[in-house]
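Biologist: Thanks for sitting down with me. Could we go through some of the labels on this model and check what stands behind each one?

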Amino acid sequence: MAHNFFDLTGKTAIVTGTSRGLGQYMGRALARAGADLVITSRDADSLGEFQAEIEALGQKATPLELDVRDETSIEAFARACGKVDILVNNAGCNVRKPAVEISWDDWNTVLDTNLRGTFFVSQAIAKHCMIPNASGRIINIGSVTCVAGYAGLGPYCASRGGVKQLTMSLADDWGPHGITVNCLAPGWFKTAQNQVLYENEEWVEYLCDRIPLKRPGQPNDLDGSVVFLASDASAYVTGQTLLVDGGISTGATKATVD
Ligand SMILES: NC(=O)c1ccc[n+]([C@@H]2O[C@H](COP(=O)([O-])OP(=O)(O)OC[C@H]3O[C@@H](n4cnc5c(N)ncnc54)[C@H](OP(=O)(O)O)[C@@H]3O)[C@@H](O)[C@H]2O)c1
């Protein structure tokens, strides 16, 4: 029988930030491809429903508490994880404000969560779970803001640009240990993080107009890419950023006159 390059049977995948949103979308996709999951939140009690959903698919789901802004929490989490093949650094946050209104606290919250958290969770899992086995897949969740700037999202864009650069650096560091490190960069998906925008019909129309595929991301739009980056199909791919954004990062600016 031909080798199924996308089969994750027997693998364990951590997806951080699985209490809602994209973390749950990607967790479902990895579980459907055969992976057992470690699921996380700052409040592990919030994970019961998602745990039951993954178990109903026939896969294990181990809920663990994790605050990616807290060094002690990261260390305890990494020690509790056991065997890990795949890490998806999805936990993240955003603050939307004009640049002149961003406080030091806003800056620290976003950078500590999205960039510092991604680095130190990766470091702990590489050290405790992947380097000893000389294998692993790390998928850092970026964003279209890895490659584009948006007004009102200064700290967020800075954090995501950093995640893209960090991905290349860690790929270089840990390639010799059999670990690939890539960045999966979603475009605009409707989740709790940006709910307020999607409540405004005018804004949704404006957004869709700028996306070459003419629609926001849907829950299943990340499935193929996350499974690809977690599986044998991407064995020789590392240090890369894969944009899954309906094409909005092309610039999507009309440059002709009718
Ligand atoms: N939605 C989009 O269009 C979009 C596009 C590109 C990239 N992204 C990125 O994709 C990721 C998921 O986005 P989303 O829209 O699903 O966001 P969301 O609905 O706000 O969910 C964020 C998740 O991150 C977790 N989290 C936040 N701060 C944390 C911390 N300090 N420690 C541990 N976990 C923490 C939350 O868990 P608890 O609150 O339960 O702890 C939650 O599960 C984020 O990194 C986001 O920046 C989103």
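Biologist: Which residues are linked with Asp-112 in a network of salt bridges?

Modeller: Arg-69 and Arg-116 are linked with Asp-112 in that network. A salt bridge here is a side-chain nitrogen of Lys or Arg within 4 Å of a carboxyl oxygen of Asp or Glu. The structure holds 8 salt bridges. Before we go on: this is a predicted model, in which local features need pLDDT of at least 70 and side-chain atom pairs count only at pLDDT 80 or more, while totals for chains, interfaces and linings use all residues. Residues are numbered from 1 along each chain as its sequence is written, and side-chain values use heavy atoms, with hydrogens and water left out.

Biologist: What makes Arg-28 and Glu-53 a salt bridge?

Modeller: Their closest N and O atoms are 2.4 Å apart, and the cut-off is 4 Å, so the pair qualifies. Arg-28 sits in helix 1 (residues 21–32) and Glu-53 in helix 2 (residues 48–56), 25 residues apart, and the pair links distant parts of the chain. Helices (H or I, at least four residues) and strands (E, at least two) are DSSP runs, numbered from the N terminus.

Biologist: Why is Arg-28 called buried, and why does Glu-53 count as partly exposed?

Modeller: Buried means under 20% relative accessible area, exposed over 50%, and partly exposed in between (1.4 Å probe, protein chains only). Arg-28 has 19%, so it is buried. Glu-53 has 32%, so it is partly exposed.

Biologist: How do you know that Arg-79 is exposed?

Modeller: Its relative accessibility is 60%, so Arg-79 passes the 50% mark. Arg-79 forms a salt bridge with Glu-75, the closest N and O atoms being 3.1 Å apart. Both lie in helix 3, 4 residues apart, about one turn of the helix. Glu-75, at 28%, is partly exposed.

Biologist: What makes the buried residues of helix 3 line one face?

Modeller: In helix 3 (residues 71–81), the buried ones are Ser-73, Ile-74, Phe-77, Ala-78 and Cys-81. Seen down the helix axis, they fall within an arc of 130°, so they line one face; the arc is that of the directions from the axis to the C-beta atoms. On the other side, Glu-71, Thr-72 and Arg-79 are exposed. The buried residues pack against strand 1 (12–15), strand 2 (36–41), strand 3 (61–65) and helix 4 (104–130), where contact means heavy atoms within 4.5 Å.

Biologist: Why does Arg-160 have no salt bridge?

Modeller: The nearest side chain of opposite charge, Asp-112, is 13 Å away, so the 4 Å cut-off is not met. For charge, Lys and Arg count as positive and Asp and Glu as negative; His and the chain ends are not counted. Arg-160 is in helix 5 (residues 154–174) and is buried.

Biologist: What makes the approach of Arg-160 to the ligand a polar contact?

Modeller: A polar contact is a pair of N or O atoms within 3.5 Å; within protein, one must be able to donate a hydrogen and the other to accept it, and residues adjacent in sequence count only if both atoms are side-chain atoms. A polar side-chain atom of Arg-160 lies 2.7 Å from an oxygen atom of the ligand, so the pair qualifies. For the side chain of Ser-19, the distance from an N or O atom to a ligand oxygen is 2.7 Å.
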